[in-house]
Every structure is written in C-alpha cells, then in structure tokens.
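Welcome! Please take a moment to look over the sequence and the model, and then we can walk through them together.

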Amino acid sequence: MGSKPSSTAAAHNTTKRKRSNTQASHHSSHLENIKTVQEPTRTSNTKTIPVPAQVIIPKFNKQQCEQLFQQYADQDSPNMITPDGTRQFFEDLGLSIEDVLIFAIAWKMHTSTMGYITKDEWMFGMKELETDTMEKLRAKRSDFENVFHDPEQFRDMYKYTFTYAKNRDQKCMEIETASVLWTMLLSETYPIVNSFVAFLQEKRPVKVINRDQWQSFLEFVSTNISEYDESSAWPVLFDEFVEWRKEQF
C-alpha cells in the first residue's frame with residue numbers, strides 16, 4: 001500500500017508550477033514587445049505637392065482706359081471727346097471719318113452723338129469690348145466688320161444710326177445727312193439707294209427725314225420695286241419715289 005506524499009514535497013511541486021507559469025508569462029510579454037518593435041506604425045509615404053495659385057489677368061484695366069481717354073479728351077471739357085479728338089481717335093485706329101466702320105464702333109461703344117464721346121460712354125463701351133488700349137481695339141476690327149455681314153446686327157446698328165447722326169436738338173434728320181449716310185451704309189448692297197438720293201435732290205419732296213421714314217427705308221430698298229404695293233403701309237415719300245422712278249423709264 002503506497003504512502004501519501006509528504007507536505008514538503010507538495011509545497012515544492014506548487015512552487016515549481018508557479019515559477020513555470022511566471023516564466024511563461026514573462027516569455028509571452030517579451031514576444032509581444034518584439035512584435036511591437038518589428039511592426040512599427042505604418043505611415044503614408046505619399047507627398048502632397050502644393051498647387052500654385054492661378055494668376056488671373058484682368059481683361060480690362062480701368063486706370064489704363066482712363067489714361068487713354070485723356071489723350072483724346074478736350075482740354076476745356078475733360079470729360080468729353082469733341083469732334084477733333086474723335087477724328088484723331090479714328091485716325092489712330094487707321095480709319096477716316098468716311099469709313100463705315102466708324103458707325104459699327106460707335107454702335108458697339110453706345111455713343112449717343114456723332115462726333116462726341118463722353119467719358120461715361122467711353123468707359124462703359126471699352127469695358128464691354130474688353131479693351132483698354134488701342135492695340136486691343138484694333139484687334140477687334142473683324143468684329144466691327146462682321147456687323148455689316150450679320151443681318152440682325154446690321155439692322156440694329158442701322159436703326160441706332162438715326163439717333164446717333166441727327167442733330168441732338170431736332171427730332172428729324174437733315175436731308176443732306178440722310179443722303180450721305182444712306183449712300184455710305186446701303187448703296188453698295190442696294191444700288192437703288194443712289195436713285196432715291198437723286199430723287200430727293202431733284203424733287204425735294206420733304207425737308208427732313210423722320211424716324212419712321214428712316215426705319216422703313218432699309219426694308220424698302222431690299223424689296224422688289226416692280227412689285228411695290230402702294231396700298232401697303234409705306235411712308236408717302238416712298239410712294240412718290242416709285243411714281244417718279246416710273247417716269248424715268
């Protein structure tokens with residue numbers, strides 16, 4: 001019959017087990033520390049390259065535009081370009097006052113009186129055209145020329161010309177002024193204009209041209225005169241011209 005283990009032996013075994021557990025725990029902790037060292041925190045290696053701010057060059061320089069205006073402004077009226085300055089302005093653009101492009105430019109700049117440009121009109125018109133130098137304005141020449149090839153633009157410019165060219169103090173336009181403008185603006189496209197001007201000079205049926213006659217004239221010269229209908233709502237002046245023209249043939 002076997003004997004029970006002594007209390008001394010049991011205590012020795014318990015102490016051995018505790019030491020073994022302590023060593024296992026220490027070994028496990030050591031492995032965790034090694035793992036921590038071997039696996040450092042990962043960080044992104046992507047570098048952020050700063051994007052330079054976009055430089056926006058203004059299309060219109062107000063101060064530069066004002067300085068250009070002063071080159072043509074009248075010394076006695078610093079806020080107005082008078083006929084002499086206007087003539088010089090167009091000449092610097094390479095245009096004479098007989099060039100039809102001056103009407104397209106005036107229309108685009110919204111000037112109200114032929115031969116004159118106020119500072120407000122100049123600043124507003126030049127800003128709308130995005131021009132503040134003569135070089136930029138010269139570069140717009142094709143835009144001005146296109147007015148004469150675009151029916152809608154031409155019609156609007158033609159209507160504008162009545163107010164632009166007539167005497168500011170009068171509601172109507174002088175016959176001489178109307179004759180010159182019709183010849184400049186329309187005679188190349190509508191040869192009958194020359195005949196109408198001859199009629200005005202010979203018969204002198206009216207002393208002035210009113211707004212209705214001016215506005216209707218563009219449509220009138222573009223119609224076939226041989227099919228002219230006197231019962232239509234044409235100005236009486238046109239009826240008289242058609243009768244006069246029949247007498248010529």
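Which residue lies over the face of Tyr116? That residue is Arg168, placed 4.9 Å from the ring centre. Here, a charge sits over a ring if NZ of Lys or CZ of Arg is within 6 Å of the ring centre and within 35 degrees of the ring normal.

Before we go further, a word on the model itself. It is predicted, and local features need pLDDT of at least 70, side-chain atom pairs count only at pLDDT 80 or more, while totals for chains, interfaces and linings use all residues. Residues are numbered from 1 along each chain as its sequence is written, and side-chain values use heavy atoms, with hydrogens and water left out.

Now for the overall view. The chain has 12 helices and four strands; these are DSSP runs numbered from the N terminus, with helices being H or I of at least four residues and strands being E of at least two. Of its 249 residues, 33% are buried, where buried means under 20% relative accessible area with a 1.4 Å probe, counting protein chains only. Contacts (heavy atoms within 4.5 Å) often join distant positions: among those with a separation of 6 or more, 64% are between residues 24 or more positions apart.

Let's move inside. The largest nonpolar core has 62 residues, and those with the most contacts inside it include Trp182 and Phe196. Such a core is a set of buried Ala, Val, Leu, Ile, Met, Phe, Trp, Tyr and Cys residues joined through side-chain atoms within 4.5 Å. Helix H4, residues 101–109, gives the most to this core, with eight residues.

Aromatic pairs are worth a look too: the whole structure holds 29 of them. Rings of Phe, Tyr and Trp (its six-membered ring) pair if their centres lie within 6.5 Å; planes under 30 degrees apart count as stacked, over 60 as edge-to-face and the rest as tilted. Trp182 and Phe196 form an edge-to-face pair, because their ring centres are 5.6 Å apart and their planes stand at 80°. This pair links helix H9 (residues 175–186), home of Trp182, with helix H10 (residues 192–203), which holds Phe196. Trp182 is buried at 1% relative accessible area, and Phe196 is buried at 1% as well. Leaving aside neighbours within four places in sequence, Trp182 also touches Tyr158, Leu200 and Trp214, among others.

Finally, find Thr131 in the loop between helix H5 (119–129) and helix H6 (134–138). Thr131 counts as buried because its relative accessibility is 0%. Beyond residues up to four places away in sequence, its contacts include Phe60, Cys65 and Lys140.

Terms used
Buried < 20%, exposed > 50% of the residue type's maximum accessible area, 1.4 Å probe, protein only.
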